[in-house]
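Please open the model in your viewer and keep the selection tool at hand, since each stop on this tour begins with something to pick out and then says what is found there.

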Amino acid sequence: MAYFLIRRVFWAIFLFFVATLITYIIFFVIPTDPAQIACGTHCTAGLIAHIRKSLHLDLPIYQQYWLFIWNLLRHQSLGYSFQNGASVRWLIGQDAPVTASLVFGGAIFWLTISIPIGILSALKPRSILDRAAMIFVLVGISAPAVWIGLILIYVIGYKLGWTPLGNYCSIVPSSTAGGCSGPAEWAYHLILPWMTFMFLFAALYVRLIRANVMETMSEDYVRTARAKGASASRVLFQHVLRNSMLPVVTILGMDIGLALGGAVFTETVFQMRGLGSQLVSSALADDLPVVVGIVVFACLAVILFNFFVDVAYAWLDPRIRLST
Amino acid sequence: MRRKHMLPMFLLSMGVALLVAATTVGVAASATHKSQGAASKAALKGGVLRVDQSAGQFDTLDPGLAYVTNDWAVLYTTNLNLVNFPNKPGRAGAQLFPEAAKSFPTISKDGKTYTFHLRSGLRFSNGKPITALAYQRAWERILSPKMYAQYGIFDQLNTMVVGAQAFTNGKAQHISGIKAKGLTLTFHLTKPNPTFVSILGMQWFGAVMPSMKYTKNPAGVLVYPSGGPYYIASNSPGRTVVLKRNKYYHGPRFQNPDEIVINSFPNSNGESALLQIEKNQVDFDMAGIPADDAAKVAKTYGVNKPNGQYHVGTESCVIWEAFNNARPPTDNVDVRKALNYAIGREPIIKLLGPNAGGATDQILVPGLPGYKKFSAYGNYPNFAKAKALLSQADVKNPPALNIYYNPASSFRTLEAQFEKAQLAHIGLQATLQQSDPNSYYGPIETKGTTYNIAHSGWCADYFDPFDFINVNFDGRSIQQTGNVDYFYFNNSVFNKAMDHAASLSGQARAKAYAALDQLLMTKYVPAFPLYVPTFRYMTAKRVKNVIYSNYFGYPDLNALSVG
């Protein structure tokens, strides 16, 4: 297990550096003048020259990358936004809780919905519930996040008036949030975004869980357990679910990373200032340090999630670590 | 049978329960809001004003660096200026009143020394006293080389006050022409300047703590004590700004909401904010309503009805197509006149939907001293006159005109295409040149630029015709880069006439500028003035006391009542 962990840690670090290098090259070599952007409108040549020097844009690209890595490792600094001068680390610190609320809350929603539906569909194949679940699956898979979000906003938020149409409230009560903070407001403002995520991902998970449960139910050891007189719930809990949930854990780790991509659309539709929304506005404004910072952060998050999933998987299924 | 389905049924019920619980919590929270709103309905003061800013964010709220209208709309609520604009609708709202000053300044006989006496007992939001030093520091922050705030230099503040140039060049610790002693502030000007008091109404000149640091970073000073009706309680760049009532402010301006919360959404097109305003979830959007919704909103809510929700206010701006007066064929005055006839103002304004603004072919805007309405070219295309002028111009084989536009705006794109089509009607070829969406002005402000026609405009920095005519059309200010005169218009006769007008005051000044406005657009024609824009915006049903400022182009945030 120790060898497995060490190997995985080194692999994660290597992946991180490759990701930063590719990101850096893509975003800092594109034909735009960061000094001009940082300078804003009504800029003078002298000021542009000053900014170019202060941003080290006069250095060769490999030196710029080295400085970027050095600042990242030594000072944990990802630079400063060209647009508003804010520290990128600070911006990510502001945005990450929004996206985390969306993604993890959404994950809880989609798992809570998809696990029971998946199991019920598997236990009663071709029943009305199973067919209804399939329709749900098809809609969820086919419909884009933006469309689902807009329909939910229009029907539940605008027409029925049950939920806010957008915005995000911090979960932490704050006296400078204009009354929009605390767990109740937080959850209230996230209902529709969570439901959007639920539609997107629950569809896939229902299919996955249904197939896994049906396959596991036909295994010899399940039949043996039944023959030995184990109760239906014991068979389901101890034998079927434990085994059929293994692929779900794996996919979940990857989907959390994918959900960061989905957050771009969901955050835009629901006017949430998370990482996805920030990424879009910064990319449109050529605010390169912010774009690089978010991509690096997202890479780190995906690598970490996959690392934890690998470890969890190895712990759940001894065959994994033995084979390595 | 029952037992077999117990677990999945339990899980399913958990999922449904989670949904129901979240919705219930939300509805309960919503109900709490409603009951709170009902309880305090009678009061003008109180409540949280919820403002969105779609498709934008604040450049900075540092008063020494801010220059954009949305920044200034916020600074107006936080600043305590020597002279400022009152919370009054219409023309009255554009008349400065002595705010921190006891009265308008005493001016020396030679017109070069202005002395202000501050009211006693003024305090910043942190309780510290406001003295003349607060205003001296404001001037030094806008002109300090440590701030890189170019705007002050564009407005020639560095040559206006004695010793300002030496300070800007880093050769002096303070501006020698500004003396602060207790509650007395004296400005020594390099020459008489009738616009000086108007200039002090700009939001750069609010009281700042004498210790407020210099910074060139827009995120350098995010929150700071201020002397106006509100202060910035929190400021997350690009996200949320929270203003809170300043308990030490006792001036005449409103302090209605307890808090003003402004959320910026750069990616939003304003549709979401519009729906939220209709559902009373947001009170106002600083971006106004999307142009596509203007007709529908006007039909549903009516325009500027008493206690209505849809408002249209005229801005103190003029939108124009700048001509490059230094590049053929727009270096020829008859070509420029022909373009003024050929393009047509009303068809372009129609692209923006109803109530977008009023057509104009003047540089000055209504409300400015010296504004006198005239019409030189008409609002619809007149190809016959345009063609006649072109033949008179005697420009053989004119090169294609370069129409420079920002492709990030669908309106600008349509406008550029329309102009190209209009020019074709009079036999002129045009090419469309897209700008970098994030750096539109840089290239046209650089001498030698290759554009012929570029969309732009000007909003009043202060209510004086100098700000529109001298600032934009004084060719002696043309440098290699960073030009405000990006028309590259330089005429020695007109320069002299501008200098003369600038030296006048009162009615004589107004008359002189009215004549200059007409002369500029009938004889020299450096631009194609298009329209005086309006701000079209909705307020939530609960919002009362809407006072629109055509100087800022926004309703006064501190006056809006959600109590």
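Begin by selecting β13(B) together with β18(B), two strands that pair in the antiparallel sense over 4 bridges; the coordinates belong to a predicted model. Within this pairing, zoom in on Trp320(B), which has Pro529(B) of β18(B) standing opposite. Now add strand β17, residues 453–459 of chain B, which pairs with β13(B), again in the antiparallel sense, over 7 bridges. Here the bridge partner of Trp320(B) is Ser456(B).

Stay with β13(B), which spans residues 317–323, and colour its residues by burial: 7 of its 7 residues are buried. In a regular strand, side chains alternate between the two faces of the sheet. If you display the side chains of β13(B), you will find Cys317(B), Ile319(B), Glu321(B) and Phe323(B) pointing one way and Val318(B), Trp320(B) and Ala322(B) the other way, with all of them buried.

Next, turn to the nonpolar cores. Select Tyr135(B), Ala138(B), Ala338(B) and Ile469(B), the residues with the most contacts inside the largest nonpolar core, which has 150 residues. Strand β18 of chain B, residues 527–538, supplies the largest share of this core, namely 8 residues. A second core lies apart from it and has 78 residues, among them Ala35(A), Ala86(A), Leu91(A) and Leu288(A).

Which residues is Tyr135(B) in contact with, leaving aside its neighbours within four places in sequence? Centre the view on Tyr135(B) and pick out Leu82(B), Leu185(B), Phe205(B) and Ala207(B), which are those contacts.

From there, select helix α3 of chain B, residues 132–143, which lies across β6 and β7 (184–188) of chain B and runs at about 155° to β6(B). These two strands lead to an open sheet of 4 strands in chain B, with the order β4-β5-β7-β6 and antiparallel pairing. Because β4 (106–107) and β6 (178–181) of chain B each have a single partner strand, they stand at the edges, and one side of each is left without a neighbour in the sheet. At the β4(B) edge, look for the antiparallel pairing with strand β5, residues 113–117 of chain B, which extends over 2 bridges. Thr106(B) is found there opposite Thr115(B) of β5(B).

A further sheet in chain B is the next selection: this open sheet of 5 strands has mixed pairing and the order β8-β9-β10-β1-β11. Its edge strands are β8 (230–235) and β11 (284–285) of chain B, each of which pairs on one side only. Follow β8(B) to strand β9, residues 240–245 of chain B, to which 5 bridges join it in an antiparallel run, and note that Tyr230(B) stands opposite Arg245(B) in β9(B). Then show helix α2 of chain B, residues 69–78, which lies across β1 (48–54), β8, β9 and β10 (259–265) of chain B and runs at about 125° to β8(B).

Finish in chain A by selecting helix α8 (residues 183–217) and helix α10 (residues 232–244), whose axes come within 9 Å and cross at roughly 135°. That angle makes α8(A) oblique to α10(A), and the crossing is right-handed. To see the contact itself, display Ile209(A), Asn212(A), Val213(A), Thr216(A) and Met217(A) on α8(A), with Val240(A), Asn243(A) and Ser244(A) on α10(A).

Definitions and conventions: Residues numbered from 1 in each chain as written. Chains lettered and ligands numbered in written order. Predicted model: local features only at pLDDT ≥ 70, side-chain atom pairs only at ≥ 80, totals over all residues. Core = buried A, V, L, I, M, F, W, Y, C linked by C-beta atoms within 7 Å. Buried ≥ 20, exposed ≤ 12 C-beta atoms within 10 Å, placed from the backbone. Contact = placed C-beta atoms within 7 Å. Pairing = 2+ DSSP bridges. Axes fitted to C-alpha atoms, helices over the stretch in contact; angles between N-to-C directions. Parallel < 35°, antiparallel > 145°, perpendicular 65-115°, else oblique. Left-handed = near helix turned anticlockwise from the far one by under 90°.
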